[in-house]
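These are my notebook entries on a single protein chain. I looked up salt bridges, buried positions, surface patches and separations, in that order of interest.

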Amino acid sequence: MDYKTTILKKEIQTDETLLPEIAGLHFGFLEENRAVFDYTAYIEENKLIPIDFKVFMRANKHFIETLAKSNDKKTSELFFQNTNGHILVSAELAFIFLAFVNPEMFLYFNSLLTDVITDGVAYSNGFVYSMTANRIPSDVLSDLIKERENDAAGSK
């Protein structure tokens with residue numbers, strides 16, 4: 001069973017990067033500030049094997065219906081076709097989509113969830129890097145890098 005895909009009458013711009021660590025995942029906004037991501041652009045930009053969005057719908061029916069129900073949405077409010085032919089999907093399905101079309105992203109999310117379960121908290125590498133750059137003075141950071149380069153264990 002395929003869900004209804006609403007064909008949009010005016011083009012939705014999907015040029016916002018809400019998750020900078022995930023290259024190619026571009027978002028736009030429908031009325032009422034509802035976020036959608038560009039399914040087609042992500043696959044094209046990341047040179048992934050194209051997977052028809054209807055296959056995504058069928059394979060993830062259980063997750064899609066659970067999310068729709070928990071967010072009081074109809075499944076017809078989750079999939080759209082932009083005027084340029086690109087498929088736009090509601091932002092609630094972004095992580096399911098990424099895990100489905102990109103195995104590396106699935107492994108990345110799995111690693112973060114494992115950290116949350118075992119350690120109680122998880123930080124992405126990008127977050128740690130950005131916080132390091134913001135909080136550690138450049139000269140101290142340079143000294144740490146030099147020390148790490150000279151350390152035999154640091155080169156492994």
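**Entry 1. Terms.** Before naming any helix, I note that helices (H or I, at least four residues) and strands (E, at least two) are DSSP runs, numbered from the N terminus. I also note that the model is predicted. For burial I use these cut-offs: buried is under 20% relative accessible area, exposed is over 50%, and partly exposed lies in between.

**Entry 2. Phe127 and the nonpolar patch.** I located Phe127 in helix 6, which covers residues 125–135. Its relative accessibility is 37%, so I recorded Phe127 as partly exposed. I then found Phe127 in a nonpolar surface patch together with Val121, Tyr123, Val128 and Tyr129. The patch residues have about 510 Å² of accessible area together.

**Entry 3. Salt bridges.** How many salt bridges does a search of the whole structure find? I obtained 4. As background, side chains of opposite charge can pair when their charged atoms come close.

I looked up Asp2 and Arg58, which form a salt bridge with the closest N and O atoms 2.8 Å apart. Asp2 lies in the segment before strand 1 and Arg58 in helix 2 (residues 53–59), so this pair ties together parts that are 56 residues apart in sequence. I recorded Asp2 as partly exposed, with a relative accessible area of 32%. Arg58 is likewise listed as partly exposed, at 47% relative accessibility.

I turned next to Glu77 and Arg34, whose side chains meet in a salt bridge at 3.7 Å, N to O. Glu77 sits in the loop between helix 3 (61–70) and strand 4 (79–81), and Arg34 in the loop between strand 2 and strand 3 (35–38), so the pair ties together parts that are 43 residues apart in sequence. Is Arg34 buried or exposed? I found 19% relative accessibility, and Arg34 therefore counts as buried. Glu77, at 27%, counts as partly exposed. I noted further that Glu31, Arg34 and Glu77 are linked in a network of salt bridges.

I also recorded a salt bridge between the side chains of Lys73 and Glu92, at 2.9 Å, N to O. This pair links distant parts of the chain: Lys73 is in the loop between helix 3 and strand 4, and Glu92 is in the loop between strand 5 (87–90) and helix 4 (94–101), 19 residues apart. Glu92 is partly exposed, at 31% relative accessibility.

**Entry 4. Buried positions.** I placed Leu88 in strand 5. Its relative accessible area is 0%, and I therefore entered Leu88 as buried. Setting aside residues up to four places away in sequence, I found that Leu88 touches, among others, Leu8, Ile12, Val36, Phe37, Leu78, Phe79 and Phe80. From Leu88 to Ile7 I read 9.9 Å, C-alpha to C-alpha, for residues 81 apart in sequence.

I placed His26 in the loop between strand 1 (6–7) and strand 2 (27–29). His26 is buried, with a relative accessible area of 18%. Beyond its neighbours within four places in sequence, His26 is in contact with Thr14, Glu16, Thr17, Val36, Phe37, Asp38 and Glu45.

Which residues of helix 4 are buried? I listed Ala94, Ile96, Phe97, Leu98 and Val101. These buried residues pack against strand 3, helix 1 (39–45), helix 2, helix 3, strand 5 and helix 5 (103–119).

**Entry 5. Thr5.** I found Thr5 in the segment before strand 1. Thr5 is partly exposed, with a relative accessible area of 21%. Not counting residues up to four places away in sequence, Thr5 touches Phe53, Met57, Phe79, Phe80 and Gln81. Thr5 and Tyr108, 103 residues apart along the chain, have C-alpha atoms separated by 30 Å.

**Entry 6. Negative patch.** I recorded a negative surface patch formed by Asp139, Asp143, Glu147 and Asp151. Glu147 lies in helix 7 (residues 138–150), and Asp143 is found in helix 7. At a relative accessible area of 57%, Glu147 is exposed, whereas Asp143, at 47%, counts as partly exposed. I read 38 Å, C-alpha to C-alpha, between Asp143 and Ala99, which are 44 residues apart in sequence.

Technical notes
Residues numbered from 1 in each chain as written. Predicted model: local features only at pLDDT ≥ 70, side-chain atom pairs only at ≥ 80, totals over all residues. Heavy atoms only, no water. Patch = residues over 30% accessible without salt bridge, like charges linked within 9 Å, V, L, I, M, F, W, Y side chains within 5 Å. Areas by Shrake-Rupley, 256 points an atom, 1.4 Å probe, with all protein chains shown as cover. Buried < 20%, exposed > 50% of the residue type's maximum accessible area, 1.4 Å probe, protein only. Contact = heavy atoms within 4.5 Å. Lys, Arg positive; Asp, Glu negative; His and termini not counted. Charge placed at Lys NZ, Arg CZ, Asp CG, Glu CD.
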